[in-house]
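Morning, everyone. Please have the sequence and the model open while I talk.

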Amino acid sequence: MQILAVTVWTTCCICCIVEAEIFTSIEREVVQSLKEYIQAEESKLAAVKRWANKLEVLTHASTSDPEGFLAHPVNAYKLMKRLNTEWSELESLVLNDPSHGFISNISVHRQYFPDEEDEKGAAKALMRLQDTYNLDSESFSKGKLPGQGQNSGVRYNAFLTVDDCFDMGKTAYNEQDYYHAVLWMQQALRQMDAGEEAKASKADILDYLSYSVYQMGDLQRATELTRRLVSIDPSHQRAGGNLRYFERLLAKEIREMVRNKQDLAKEKPIQLGTYERPRDYLPEREIYEALCRGEGVKMTPKRRSKLFCRYRDGNRNPRLLLKPMKEEDEWDNPHIVRYLEALSDEEIEKIKELAKPRLARATVRDPKTGVLTTAHYRVSKSAWLEGDEDPVIARVNQRIEDVTGLTVDTAELLQVANYGVGGQYEPHFDFSRKDEPDAFKSLGTGNRVATYLNYMSDVEAGGATVFPDFGAAIWPRKGTAVFWYNLFRSGEGDYRTRHAACPVLVGSKWVSNKWIHERGQEFRRPCGLTEVD
């Protein structure tokens with residue numbers, strides 16, 4: 001019994017000692033955890049303060065001149081990115097805090113924030129502007145845009161950080177757009193090499209960049225970049241495999257060159273940033289983008305001397321007798337005219353007021369089915385306005401009829417469109433071609449005989465209406481309208497009228513248009529005797 005008692009006591013003591021050690025260990029960890037918690041709370045508070053200070057600066061700049069601030073494409077992209085990505089990080093940071101009011105508030109508003117698709121769309125818009133207006137990544141990252149002066153980026157703090165450039169590159173990479181992935185990963189690397197701090201690591205940038213360069217066909221440069229990556233992170237498994245693969249391909253190329261007796265010394269390595277943009281589905285891409293930049297316009301001084309301006313009274317239309325419309329020739333053949341003072345500021349504001357609540361992603365009519373659908377080549381928001389929903393719309397419709405001499409009874413509704421930063425409508429025809437017989441069948445009003453386009457805003461940079469076939473560029477002027485015929489008098493389509501709305505570089509472009517159809521024009525625009533009358 002005595003031995004048993006001792007044994008039990010010893011066992012109890014061991015248990016107590018072990019428990020004591022466990023408890024003290026737990027207490028030590030709890031205290032350490034408490035210290036880490038306090039430190040984390042202080043760090044979190046400091047981080048939130050930094051957020052608040054940064055956002056106070058940004059919101060001061062944006063709220064003092066919201067339209068001007070968001071007119072800069074870099075600010076528009078960073079706003080999308082900030083609301084989609086960075087505010088989520090702040091939300092995660094504060095979630096452990098008992099500040100339920102803030103969490104409730106941000107959670108309620110979170111449903112209205114841009115999502116990942118919106119951020120991706122904003123990134124693509126920047127790349128679209130970069131291509132169209134020949135903007136290099138470095139100038140773009142500093143916010144320097146054509147026509148904006150040297151300090152345009154400083155005005156609204158429109159800069160792209162290393163992480164911004166890295167995210168741009170990732171967006172392109174994930175879309176298998178290796179051309180833009182190279183441009184933006186290179187820019188991220190430049191800024192990091194210049195000493196800028198970032199969350200992204202140099203290894204991450206080199207990983208994306210090296211493979212993108214390989215996809216662009218520059219094996220030598222891809223090998224060099226991968227070697228640099230391995231030197232930074234020798235344990236990087238993918239880099240090691242890629243390097244062995246690249247080196248085998250490179251050795252094979254060298255052997256073939258030696259076999260073909262080519263002079264290796266004459267082979268010039270491709271330098272960073274010299275890759276050509278791959279050709280895409282649009283045959284007139286280069287002409288279209290040159291016109292958007294104001295290059296390649298084919299209006300000679302001799303032809304320009306034959307363009308005139310006049311007063312248009314609509315064949316003595318009573319509504320135009322006292323105040324005829326001012327008309328200017330924009331182009332001679334095909335004939336395109338511009339009407340001055342076509343809309344007043346009050347009318348423009350009323351049209352925008354009616355349209356804004358209904359703006360949705362703009363659609364195009366499917367040529368095979370006639371159904372309206374969205375398309376990647378048209379990036380804008382639009383709304384359709386009935387003539388009887390406001391006197392202003394009825395008045396505008398009547399004015400279009402008076403000036404053009406064409407009935408609008410069979411025309412489509414007034415379409416209002418807003419092109420924000422990067423908004424565009426790539427080259428297209430307004431009329432349906434012979435291989436699209438059902439495009440407007442459901443309307444029962446024939447083909448689109450003419451287009452009447454109101455410009456409801458000035459655009460700080462970009463946003464021209466261009467005609468690649470004959471080299472015309474028409475620039476937005478608030479309150480004016482342009483008009484052209486899509487069909488010859490014979491009813492045949494005028495294929496020269498293929499046109500585009502260039503991407504908006506800086507600002508916001510508002511337009512409204514009326515597509516006028518054939519039915520009802522029989523006596524207003526009689527048929528011609530030949531195919532091209």
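One definition before we start. A polar contact here is a pair of N or O atoms within 3.5 Å, and within protein one of them must be able to donate a hydrogen and the other to accept it. Also keep in mind that this is a predicted model.

Now apply that to Thr480. What lies 2.7 Å from a polar atom of its side chain? The backbone oxygen of Arg477. Thr480 itself lies in the loop between strand E14, 472–474, and strand E15, 481–485. Is Thr480 buried or exposed? Its relative accessibility is 5%, so Thr480 counts as buried; the cut-off for buried is under 20%.

Which residues does Thr480 touch, leaving out those up to four places away in sequence? Arg338, Tyr339, Leu340 and Ala342 are on the list. Leu453, Asn454 and Tyr455 complete the set.

That takes us to strand E11. Strand E11 runs over residues 448–455. It is mostly covered: 8 of its 8 residues are buried. Which strands does it pair with? One is E18, residues 509–517, in the antiparallel sense over 7 bridges. In that pairing, Ala450 stands opposite Ile516 of E18. Another is E15, again antiparallel, over 5 bridges. There, Leu453 stands opposite Val482 of E15. Note Leu453: this residue is also touched by Thr480.

Next stop, Gln130. You will find Gln130 in helix H5, residues 116–132. With 4% relative accessibility, Gln130 counts as buried. What does its side chain meet in a polar contact of 3.0 Å? The side chain of Trp184. Trp184 also appears among the residues in contact with Gln130, once neighbours within four places in sequence are set aside. The others in that list are Leu135, Asp136, Ser137, Phe140, His180 and Leu183. One C-alpha distance as well: Gln130 to Leu145 is 9.8 Å in space, for 15 residues in sequence.

Now the cysteines. How many disulfides does the structure hold? The count is 1. The disulfide joins Cys292 to Cys502, with S to S at 2.0 Å. The angle about the S-S bond is -85°, and the link of Cys292 and Cys502 is left-handed. Why does this link deserve a look in sequence terms? Cys292 lies in helix H13, residues 285–292, and Cys502 in the loop between strand E16, 499–501, and strand E17, 504–506, so the pair ties together parts that are 210 residues apart in sequence. On the burial side, Cys292 comes out at 1% relative accessibility and counts as buried. Cys502 comes out at 0% and counts as buried too.

Two further cysteines. Cys165 is buried, with a relative accessible area of 0%. Cys527 is exposed, at 64%.

On to the rings. A pair of aromatic rings is described by the distance of the centres and the angle of the planes. The structure holds 20 aromatic pairs. Take Tyr173 and Tyr211, an edge-to-face pair with 6.3 Å centre to centre and 65° between the planes. Which helices do they come from? Tyr173 lies in helix H8, residues 162–174, and Tyr211 in helix H10, residues 202–215, so the pair ties together parts that are 38 residues apart in sequence. Tyr173 counts as partly exposed, at 22% relative accessibility. Tyr211 is partly exposed as well, with 25%.

For a stacked pair, go to Phe467 and Phe470: 5.2 Å centre to centre, 25° between the planes. Phe467 and Phe470 are both buried.

Back to Tyr173 and Tyr211, which belong to a cluster linked by ring pairs. Its other members are Phe166, Tyr178, Tyr208, Tyr214, Tyr245 and Phe246.

Last item: charges over rings. Arg285 lies over the face of Tyr281, 5.7 Å from the ring centre. The charged end of Arg433 sits over the ring of Phe431, at 6.0 Å from its centre. Remember also that helix H13, the one with Cys292, covers residues 285–292.

That is the tour. Over to you for questions.

Methods. Residues are numbered from 1 along each chain as its sequence is written. This is a predicted model: local features need pLDDT of at least 70, side-chain atom pairs count only at pLDDT 80 or more; totals for chains, interfaces and linings use all residues. Side-chain values use heavy atoms; hydrogens and water are left out. Rings of Phe, Tyr and Trp (its six-membered ring) pair if their centres lie within 6.5 Å; planes under 30 degrees apart count as stacked, over 60 as edge-to-face and the rest as tilted. Helices (H or I, at least four residues) and strands (E, at least two) are DSSP runs, numbered from the N terminus. Buried means under 20% relative accessible area, exposed over 50%, partly exposed in between (1.4 Å probe, protein chains only). A charge sits over a ring if NZ of Lys or CZ of Arg is within 6 Å of the ring centre and within 35 degrees of the ring normal. Contact means heavy atoms within 4.5 Å. Two strands pair if DSSP finds at least two bridges between them. A disulfide is a pair of cysteine sulfur atoms within 2.5 Å.
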